[in-house]
Amino acid sequence: MIESRDRTHILVVEDNADDSFLLTRQLARAHFEDCVTVISNGPDALEYLHRSPVPLAVFLDLRLPGLSGVELLREMRQDERLSRVPVIIMTGSDDPADMEACSQLGVTAYLSKPIGLSSFIKTVAHLFPSGSEAERVD
């Protein structure tokens, strides 16, 4: 559970425009519409993470151009400033090696695409309990 709002933004690293749109829409329902940054590739996400304030959370696709999600996650875990950021993996991969690598790197959640609304709501409610009123779907 995230207990501090000192970190003011959520990073979404997703190269599929439809998936990033759906995710940002769900984050808006959880009252995070004004603090989401979307980046579509691994190298730009890594640069952003190094030059920006520590994010509240990172929603990360595994299959990214330039630098895979696992490689980005590994870089985050090796950086003292970013090592404890909650990372939620969103992927179409059901490869056990991907799941194992993510588990070893301490992901917060592993969501398979397509991400069902109920799975997303449970994850967001767990991470951001103050946004739990977002469990209502309009």
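The following numbered points describe the sheet, the helices and two individual residues of this structure, which is a predicted model.

1. The sheet. Five strands form an open sheet in the order 2-1-3-4-5, and their pairing is parallel. Strand 2 (36-39) and strand 5 (109-112) occupy the edges; each has a single partner strand, so one side of each lacks a neighbour in the sheet. On average, neighbouring strands of this sheet are turned by 15 degrees against each other, direction ignored.

2. The pairing of strands 4 and 5. Strand 4 (residues 87-91) and strand 5 run parallel and are joined by 4 bridges. In this pairing, M90 stands opposite L111 of strand 5.

3. Helix 1 on the sheet. Helix 1 (residues 17-29) packs on the sheet, where it touches strand 1 (10-13), strand 2, strand 3 (57-61) and strand 4. The direction of helix 1 makes about 170 degrees with that of strand 2.

4. Helix 3 on the sheet. Helix 3 lies across strand 1, strand 3 and strand 4. With respect to strand 3, helix 3 runs at about 150 degrees.

5. Helix 2 against helix 3. The axes of helix 2 (residues 42-51) and helix 3 (residues 69-78) come within 10 Å and cross at roughly 15 degrees. Because angles under 35 degrees count as roughly parallel, helix 2 is described as roughly parallel to helix 3. Their crossing is right-handed. Helix 2 contributes G42, A45, L46 and L49 to the contact, while helix 3 contributes L72, E75 and M76. By character, the residues of this contact divide into 5 nonpolar, 1 polar and 1 charged.

6. Residue S20. This residue is part of helix 1. The relative accessible area of S20 is 10%; since buried means under 20%, S20 is classed as buried. When its neighbours within four places in sequence are left aside, S20 is in contact with E14 and V38. Strand 2, which spans 36-39, is among the strands that helix 1 touches.

7. Residue D94. This residue lies in the loop between strand 4 and helix 4 (96-104). Its relative accessibility is 63%; because exposed means over 50%, D94 counts as exposed. Although D94 and K113 are 19 residues apart along the chain, their C-alpha atoms are separated by 9.5 Å.

8. Points to trace in the model. Where does strand 5 stand in the sheet? Strand 5 stands at an edge, with a single partner strand. Is S20 buried or exposed? S20 is buried, whereas D94 is exposed.

Technical notes:
Residues numbered from 1 in each chain as written. Predicted model: local features only at pLDDT ≥ 70, side-chain atom pairs only at ≥ 80, totals over all residues. Heavy atoms only, no water. Axes fitted to C-alpha atoms, helices over the stretch in contact; angles between N-to-C directions. Helix = DSSP H or I, 4+ residues; strand = E, 2+ residues; numbered from the N terminus. Parallel < 35°, antiparallel > 145°, perpendicular 65-115°, else oblique. Left-handed = near helix turned anticlockwise from the far one by under 90°. Contact = heavy atoms within 4.5 Å. Nonpolar A, V, L, I, M, F, W, Y, C, P; charged D, E, K, R; others polar. Pairing = 2+ DSSP bridges. Buried < 20%, exposed > 50% of the residue type's maximum accessible area, 1.4 Å probe, protein only.
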